[in-house]
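Please open the model in your viewer, with a cartoon for the backbone and sticks ready for side chains. The stops below run from the whole chain to single residues.

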Amino acid sequence: MKKVVMAAMGGTLAGIVATTQFVGPLVAQESARTTSVYEQLDLFGDIFERIRSQYVEEVDEGDLIEAAIDGMLTSLDPHSSYLSPDDAADMRVQTRGEFGGLGIEVTQEDGFVKVVSPIDGTPADDAGIEAGDFITHVDGDSVLGLTLDSAVDMMRGPVGSEIIITVVREGEAEPFDVSIIRDTIKLTAVRTRLQGEAVVLRVTTFNDQTYSNLEEGLAEQIEAAGGMDSVEGIVLDLRNNPGGLLNQAIRVSDAFLEKGEIVSTRGRNPEDGDRYNATPGDLANGKPIVVLINGGSASASEIVAGALQDHRRAIVVGTKSFGKGSVQTVMPLRGDGAMRLTTARYYTPSGRSIQALGVSPDIVVAQPRRPAETEEDEEEESNLFNRSEADLRGSLDNDSLSEDEVQQIEADRAKAEAAAALREEDYQLAYAIDILKGLTALTPSQD
């Protein structure tokens, strides 16, 4: 019995010694790390004092502190930043759907400002700015080396004032200047219309109005079509949509899903993760859906496209999306400022992270650039191919069809011609509608 007790005591003593040996270095490392942090903070204080007292011009201490905070945040990733009280107020206005500016969503790449997407109907969109463009100069001043917020500040100005930005575009040999008149940007989150028997839902951004706009617009177009039975399907157009609010992306996805996961977010700590699931109810009543995306589709747009694609609820058409798979949390700070900090990555229902990879379409369809044509060429081509048997002198009439059948054929032909005309205007959208027609043709009739 003594041997057993002695052995146990010996084991306990060894455990204490071993624990001391391990804990000692760990405590020492933590203490050294803490000392190093305080030394660096002291270094920051020394630099701050020297700038304040010895810089060639007098500087504002508040501006110095804000610049230091912003530099700390922007060093993390392109989407984390400090928001001054004015910037924080602007951001709150933007999420409500109206703000002043050019109408472009931008990020930073290789030191230059890169256009994620122009917003429909804004001055930048009207001026021909495209997703993927690089902005190198603003009014002749280079943006190279500036923080993203500083470059954006250069592009801000009074409504009605002119700004000239220098653009580098893939496929263009030389940079070129674009003149834009600043305006108040009023966002219509969702524009809806009927294209033949298809309902087109053009979602331009994800702000507080998005889901309600989509729900109301879809109901209006279904009523205009004569009811859901008259609708072939839905085109959800997310091209050049830079994203926005996560909760709106979840609601739009849920609008067309009956069940299952929509998106999950995972932070640094496992317990900080969240999963968002669909609730019963499909606004489209199971009708086929085609989602359109391109390189300007980012963030919330990619959540929607990824969710509908993974659940096989929609066919995704277009080109690879932007690849912004991170979640930013806006945290209020003292003095009415705020901090935008990347706090998580999001994942599609199948577990895919699209960060830097984007959503790959099921069917890749690029939007072709229209070659320049003269009016004479167009008229000659139109005249050449618009002649038919009926135009020939003395051609026979078709007396095997009733008047109603002839009218039906002519109506079908008019729809086909309208579809062909749409290909000239928007090839990707026309392709999406053709897919809906094909899916409808394969669906058994409900007799």
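Begin with the cartoon of the whole protein chain, whose secondary structure comes to eleven helices and 19 strands; these are DSSP runs numbered from the N terminus, with helices being H or I of at least four residues and strands E of at least two. This is a predicted model, in which local features need pLDDT of at least 70 and side-chain atom pairs count only at pLDDT 80 or more, while totals for chains, interfaces and linings use all residues. Residues are numbered from 1 along each chain as its sequence is written, and side-chain values use heavy atoms, with hydrogens and water left out.

Switch to a surface next: the protein chain exposes about 26,200 Å², of which carbon and sulfur atoms supply 52%, as computed by the Shrake-Rupley method with a 1.4 Å probe. Of the 447 residues in the chain, 36% are buried, where buried means under 20% relative accessible area, exposed over 50% and partly exposed in between (1.4 Å probe, protein chains only).

Now turn to aromatic side chains, among which a search of the whole structure finds two pairs; rings of Phe, Tyr and Trp (its six-membered ring) pair if their centres lie within 6.5 Å, and planes under 30 degrees apart count as stacked, over 60 as edge-to-face and the rest as tilted. Select F44 and F48, whose ring centres are 6.5 Å apart with planes at 20 degrees, so this pair is stacked. Both residues belong to helix α1 (residues 2-54), where they are four residues apart, about one turn of the helix. F48 is buried at 16% relative accessible area, whereas F44, at 40%, is partly exposed.

Move on to Y427 and Y431, a tilted pair with 6.2 Å from centre to centre and 55 degrees between the planes. These tyrosines are separated by about one helical turn because they are four residues apart in helix α11 (residues 427-442). Y427 is partly exposed at 32% relative accessibility, and Y431 is partly exposed at 29%.

For the last stop, select S161, in the loop between α5 (148-155) and β7 (162-168). Which residues does S161 touch, not counting those up to four places away in sequence? They are I180, I181 and R182, a contact meaning heavy atoms within 4.5 Å. Display the side chain of S161 together with that of R182, and a polar contact of 2.7 Å appears between them, while the S161 side chain also reaches the backbone oxygen of P158 at 2.6 Å. A polar contact is a pair of N or O atoms within 3.5 Å; within protein, one must be able to donate a hydrogen and the other to accept it, and residues adjacent in sequence count only if both atoms are side-chain atoms.
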